[in-house]
Structure formats: structure tokens, C-alpha cells
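User: I'd like to learn how to read a fold from a structure. Can we walk through one together?

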Amino acid sequence: MEYNIGDIVKTKKKHPCGSYTWEIIGVGVIFKLKCTNCSHILVIDRQKAKKIITKKI
Ligand SMILES: [Zn+2]
């Protein structure tokens with residue numbers, strides 16, 4: 001699956017704030033995801049991101 005900045009994605013695990021959805025704000029070797037509920041920013045490597053993302057919304 002291809003991901004682009006601005007995509008909203010769902011993850012397997014929920015964020016402590018209760019949200020499962022994230023906005024992609026950075027793609028590349030490192031992915032940056034912003035929680036759509038609390039705006040927390042998660043920085044993870046691409047491989048890990050692909051494992052935790054279940055689908056695009
Ligand atoms: Zn959150």
C-alpha cells in the first residue's frame with residue numbers, strides 16, 4: 001500500500017487517548033503520524049509503520 005501525506009490511517013493498537021486513527025504528516029524512511037484526537041506525533045520507521053497500519057480511511 002502506498003501512503004501519502006494527509007492520508008488518514010487506522011492502526012492495530014489504540015493510542016492511550018482512545019483513538020485508532022492517525023494522519024500521516026511525514027513519509028520516507030521515517031514515518032510521522034499525528035493522532036487525530038490528541039495531536040500527539042509518533043515518529044517510527046517505515047517498516048514498523050507498515051506493520052501497525054491496518055488500513056487507509
Ligand atoms: Zn492520541
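User: Let's start small: which residues does Phe 31 touch, not counting residues up to four places away in sequence?

Analyst: Keep in mind that this is a predicted model. Contacts here go by C-beta atoms within 7 Å. By that rule, Phe 31 touches Ile 24, Gly 26, Ile 44, Arg 46 and Ala 49, leaving out residues up to four places away in sequence.

User: And which residues make up the largest nonpolar core?

Analyst: A nonpolar core is built from buried residues such as Val, Leu and Phe. Here the largest one has 6 residues: Val 9, Trp 22, Phe 31, Leu 33, Cys 35 and Ala 49. Strand β3, residues 30–35, supplies the largest share, 3 residues. Across the chain, buried residues make up 11% of the 57 residues.

User: In what order do the elements run along the chain?

Analyst: From the N terminus they go β-β-β-β-α-β, so to speak a roll call of 1 helix and 5 strands.

User: What is the order of the strands in the sheet?

Analyst: Order in a sheet is read from who pairs with whom. The 5 strands form an open, antiparallel sheet, ordered β4-β3-β2-β1-β5. β4 (41–45) and β5 (53–56) are at the edges with a single partner strand each, so one side of each has no neighbour in the sheet. From one strand to the next, the twist averages 40°.

User: How many bridges join β2 to β3?

Analyst: 4 bridges join β2 (residues 21–26) to β3, and the two run antiparallel. Trp 22 has Cys 35 in β3 as its bridge partner, and both residues also belong to the largest nonpolar core.

Key: Residues are numbered from 1 along each chain as its sequence is written. This is a predicted model: local features need pLDDT of at least 70, side-chain atom pairs count only at pLDDT 80 or more; totals for chains, interfaces and linings use all residues. A nonpolar core is a set of buried Ala, Val, Leu, Ile, Met, Phe, Trp, Tyr and Cys residues joined through C-beta atoms within 7 Å. A residue is buried if 20 or more other C-beta atoms lie within 10 Å of its own, exposed if 12 or fewer, and partly exposed in between; C-beta atoms are placed from the backbone. Two residues are in contact if their C-beta atoms, placed from the backbone, lie within 7 Å. Two strands pair if DSSP finds at least two bridges between them. Axes are lines fitted to C-alpha atoms, for helices over the stretch in contact, and angles run from 0 to 180 degrees between N-to-C directions.
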